[in-house]
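User: Please take a close look at the cysteines in this protein. Tell me how they sit and what surrounds them.

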Amino acid sequence: MATKLSLTFRFPVEKSPKPRKSKSGVPQLNCCNGYWFSKNNSGFRGQLSMKVNAVQDEAIQSSNSETTLLSRTIPPSSSKLVLVVGATGGVGQLVVASLLNRNIKSRLLLRDPEKAISLFGNQDEEKLQVVKGDTRNPADLDPSIFEGVTHVICCTGTTAFPSKRWDGDNTPERVDWEGVRNLVSALPSSLKRVVLVSSVGVTKFNELPWSIMNLFGVLKYKKKGEDFLCESGLPFTIIRAGRLTDGPYTSYDLNTLLKATAGQRRAVVIGQGDNLVGEVSRLVVAEACIQAMDIEFTEGKIYEINSVEGEGPGTDPEKWEQLFKTARA
């Protein structure tokens, strides 16, 4: 049985952590213009200005009354430090925008830190840190990256079929399996939650119509990544998304991201057992990840998520808790 509520986005304010002291002998993170980078990443230096794109698109609908960017002078006061992996992708950038608007301290693990500047602007280091690294390369995952981190949201992914995004060995096997395995292997046991974005159909990749999507192994490798996380002993929640809609907003700045809406498809359907078939707004997936971090009973669970026409839970924790609670296989 799946449950349905609807979605509108309003961003509440939460509190953020004090930085933890580094263990001796572990490389430190350096601050640079409101961002943080590991010492061995010398390729990103100098001040970068915020890029604001005035591109208009029918996929984004603005509502100034619903979302306003909090002042950057407000210090974070949450106990969380959320590591977002895949933070400039279609779902990841929305996760980061929402965390910033909630005033939750975030750290981004990115192959290209410059993308963080173009999307999120110059943020105070008390709110946003960036570390250069590639989950496909275990050597990049230095323990210093995870110091002080309380939660992880992993939104990495690539296209199911060969495309330009596969350039540079960015295939499903390398990203959805090896990258997730490397990340999970490097994470500390002190984490409160790891939220992994996956896909519906991963348990049925040999069945039609999923076998078509899995021609190049994307569902098989996502399932391997899921299984590795489940067997890791870390507290986890897996969000299996339907076909993603709304975005990706890769050419937009933070203020535009915060005004994005899910159009008419704000109702949320959550199920279990890999039985859902349909579409889901990237905005809904991002919000589900953030909400799942704080719902105790979602630990160790896997959920499928779709969105349909109708009103929704927005950022209301009680409504999201009810959605997750009543989801059944």
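Analyst:

**Cysteines and their surroundings**

Searching the whole structure, which is a predicted model, turns up zero disulfides. Cys154 is in none: its nearest cysteine sulfur belongs to Cys155 and lies 6.7 Å away. A disulfide needs the two sulfur atoms within 2.5 Å, so a gap of 6.7 Å does not qualify. Cys154 is also buried, because its relative accessibility is 3%. Cys289 is likewise in no disulfide. For Cys289 too, the nearest cysteine sulfur is that of Cys155, here at 5.3 Å. Cys289 counts as buried, because its relative accessibility is 0%.

Now to Cys155 itself. Cys155 sits in the loop between β7 (151-154) and α3. Its relative accessible area is 13%, under the 20% cut-off, so Cys155 is buried as well. Leaving out residues up to four places away in sequence, Cys155 touches Val85, Gly86, Val91, Gly92, Val95 and Val197. Take Val91 as one of these contacts. Val91 and Cys155 are 64 residues apart in sequence, yet their C-alpha atoms are 6.5 Å apart in space.

Val197 leads to a cavity. Val197 touches Cys155 and also helps line the second largest cavity. The structure has four cavities of 30 Å³ or more, and the second largest holds about 50 Å³ of space. Its lining is made up of Thr156, Asp176, Val180, Leu196, Val197, Ser198, Lys222, Gly225 and Glu226. At least two lining residues come from each of α3 (172-186), β8 (193-199) and α5 (218-230). By type, the lining splits into three nonpolar, three polar and three charged residues.

The nonpolar cores complete the picture. Nonpolar side chains tend to be buried together in soluble globular proteins. Here the largest nonpolar core has 42 residues, and Leu108 and Ile305 have the most contacts inside it. Helix α7 (residues 282-293) gives this core its largest share, nine residues. Leu108 touches Leu83, Val84, Ala87, Val96, Ala116, Phe120, Leu128, Gln129, Val130 and Val131, again leaving out residues up to four places away in sequence. A second, separate core has 22 residues, including Leu83, Val194, Leu234 and Phe236. Leu83 therefore belongs to the second core while also touching Leu108.

In short, Cys154, Cys155 and Cys289 are buried, and the structure has zero disulfides.

Conventions:
Residues numbered from 1 in each chain as written. Predicted model: local features only at pLDDT ≥ 70, side-chain atom pairs only at ≥ 80, totals over all residues. Heavy atoms only, no water. Buried < 20%, exposed > 50% of the residue type's maximum accessible area, 1.4 Å probe, protein only. 1 Å grid on protein atoms, 1.4 Å probe; cavity = no way out; pocket = protein on both sides within 12 Å on 5 of 7 lines; lining within 4 Å. Points joined across faces, edges and corners; volume = space filled by probe spheres on them. Helix = DSSP H or I, 4+ residues; strand = E, 2+ residues; numbered from the N terminus. Nonpolar A, V, L, I, M, F, W, Y, C, P; charged D, E, K, R; others polar. Core = buried A, V, L, I, M, F, W, Y, C linked by side-chain atoms within 4.5 Å. Contact = heavy atoms within 4.5 Å.
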